[in-house]
Amino acid sequence: VTEVLRRLLVRYGKQWDGREASRTVGKTPLEAAAVIVQEYELPCNAEEFLKEFNPLFSNHSSDIKPLPGANRLINHLHGRCIPMALASNSPRANIQKKISSKQGWKESFSVIIGGDEVRNPKPSAEIFLEAANRLNVEPSSCLVIEDSVPGVTAGKAAGMEVVAVPSLPKQTHLYTLADEVINSLYDLRPEQWGLPPFEDWIEGTLPIEPWKIGGPVAKGFGRGSKVLGIPTANLSTEGYSDLLSEHPSGVYFGWAGLAKRGIYKMVMSIGWNPYFNNPEKTIEPWLLHEFKADFYGEELRLIVVGYIRPEANFPSLDSLIAKIHEDRRIAERALELPIYSKYKGDSYLTSIGKSDGCKS
Ligand code: ADP
Ligand code: RBF
Ligand code: MG
């Protein structure tokens, strides 16, 4: 949606800046279009805007990447014969187009309902009640997983349990109706809702599809070593904003390569550091090695192989520091496991100077 809006608004001489995002998530296309027309003061109405938007969006629907953790969740529940419905304010045709390129998704949902198939879209309960009805289950035994406020409202109105996974950062406070708000699908604990638990956590870590990022070490906020006694080799934010926005904030670990020095274990946080409330999303990798001097400007390569926990706020600096040391111990141990240690030899970590290789 973002990419299409960016291009479309240029035609109107406007620049997309996301100011409308929190008012469009979870709405029907027509409602969302009305918000955009109003916010950007476009010289057309919502229907006209949609007529332009739809074909562009349609061209891109197979490019839409699943959220991190979505494949894992769908395979887990489908593999254990948990009936699933997909209920969206998008029209049914759009939903089908979006999921058709995702392997195994269509077969996993026994019911699919679009916003064009009910009289009242979310926040009305209707779409979820209809889903339960078609699944032949009681609404009270359904768990809704939702990213939008209208969707959470609809799920609660239907008498269901609702876990919110907000798709926009720093919006948790808007989801007060939800039974739980989690930061990403990695943090869903199905057993809390009477569903079979995930079985892929190992020694406090979740293996993820490895991803790579690299660049020269840049100046950070100047507090890692000074305030926490924990230096973090920040990467320059240029050139990797897409990669950064694809990955949920949280604490991860993996391997780090420095051209002239070697390969090291690494534990890092990605996000806004709630304790310090940074204005931008950053990557803060702590290399688990004692260096005699700084290495600003040197090329740093990272392979991120596992997830530990969401970012959190802490009542004191000492408790933040203690938690980061616990993360370090978890990462140090886990990286000895074959599923993680095998990436230590990846040529990406050492092929420095060849190409920028920022994108995995
Ligand atoms: P900044 O705010 O500029 O990132 P930090 O206090 O976080 O400053 O210190 C990070 C710098 O310290 C790194 O850029 C690197 O040059 C150096 N450094 C030394 N040891 C380490 C280490 N073990 N892990 C990460 N950076 C280290
Ligand atoms: N900052 C937070 O505010 N909350 C966290 O949960 C948190 N976890 C971290 C975990 C690791 C492994 C590391 C290296 C850093 C973490 N920090 C966290 C980030 C810390 O605040 C950051 O390194 C400093 O702000 C330095 O800029
Ligand atoms: Mg730092």
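In which loop does P123 lie? In this predicted model, P123 is found in the loop that runs between β2 (111-113) and α8 (126-135). The bond leading into this proline deserves a pause: K122 and P123 are joined by a cis peptide bond, with omega at about 15°. A second local feature of the backbone appears at E203. Phi of E203 is near 45°, a positive value in a residue other than glycine. E203, too, has its place in a loop, here the one between β5 and β6 (206-216).

The strand β5 also leads to the next topic, a sheet. Strands of a sheet pair through backbone hydrogen bonds, either parallel or antiparallel. Here, 3 strands form an open sheet in the order β3-β4-β5, and the pairing is parallel. At the edges stand β3 (143-146) and β5 (180-181), each of which pairs on one side only. Strand β4, covering residues 161-164, runs parallel to β5 and is joined to β5 by 2 bridges. To find one partnership in the structure, start at V163: its bridge partner in β5 is E180.

The model also holds ligands, and ligand 1 is a good place to begin. Which residues come closest to ligand 1? Of the 20 residues that surround this ligand, the closest are G220, G222, S225, F295 and Y296. Several polar atoms of the protein can be picked out around ligand 1. The side chain of N234 places an N or O atom 2.8 Å from an oxygen atom of the ligand, while a polar backbone atom of T232 is 3.0 Å from an oxygen atom of ligand 1. At H289, a backbone N or O atom lies 3.1 Å from a nitrogen atom of ligand 1. How much of ligand 1 does the protein bury? Taken alone, the ligand exposes 560 Å², and the protein buries 94% of that. The space that ligand 1 takes up is the second largest pocket. Two or more residues of its shell come from each of α10 and β9, and β9 gives the most, with 3 residues. Sorted by class, the shell around ligand 1 contains 10 nonpolar, 7 polar and 3 charged residues.

Ligand 2 can be described along similar lines. There are 21 residues around ligand 2, and those that come nearest are R223, N273, Y275, R309 and A312. A312 offers a polar backbone atom that is 2.7 Å from a nitrogen atom of ligand 2. Two side chains approach oxygen atoms of the ligand: a polar side-chain atom of E284 lies 3.2 Å from an oxygen atom of ligand 2, and an N or O atom in the side chain of N273 is 3.5 Å from an oxygen atom of ligand 2. On its own, ligand 2 has 540 Å² of accessible area, of which the protein covers 100%. The pocket in which ligand 2 sits is the second largest one. Which elements give two or more residues to the shell around ligand 2? These are α10 (224-228), β8 (262-271), β9 (282-287) and α12 (317-334). The largest share of this shell, 3 residues, comes from α12. By class, the residues around ligand 2 divide into 12 nonpolar, 4 polar and 5 charged.

Reading the two ligands side by side helps to tie the picture together. The second largest pocket is the space taken by ligand 1, and ligand 2 sits in the second largest pocket as well. The elements α10 and β9 each give two or more residues to the shell around ligand 1, and α10 and β9 are also among the elements that do so for ligand 2.

Terms used: Residues are numbered from 1 along each chain as its sequence is written. Chains are lettered from A and ligands numbered from 1 in the order in which they are written. This is a predicted model: local features need pLDDT of at least 70, side-chain atom pairs count only at pLDDT 80 or more; totals for chains, interfaces and linings use all residues. Side-chain values use heavy atoms; hydrogens and water are left out. A residue is near a molecule or strand if one of its heavy atoms lies within 4 Å of it. A polar contact is a pair of N or O atoms within 3.5 Å; within protein, one must be able to donate a hydrogen and the other to accept it, and residues adjacent in sequence count only if both atoms are side-chain atoms. Accessible areas come from the Shrake-Rupley method with a 1.4 Å probe; for residues, only the protein chains shown count as cover. On a 1 Å grid over the protein atoms alone, a cavity is a set of points where a 1.4 Å probe fits but cannot get out, and a pocket is an open set with protein on both sides within 12 Å along at least five of seven lines; lining residues have an atom within 4 Å of a point. A molecule sits in a cavity or pocket if more than half of its atoms lie within 2 Å of its grid points. Helices (H or I, at least four residues) and strands (E, at least two) are DSSP runs, numbered from the N terminus. Ala, Val, Leu, Ile, Met, Phe, Trp, Tyr, Cys and Pro count as nonpolar, Asp, Glu, Lys and Arg as charged, and the others, Gly among them, as polar. Two strands pair if DSSP finds at least two bridges between them.
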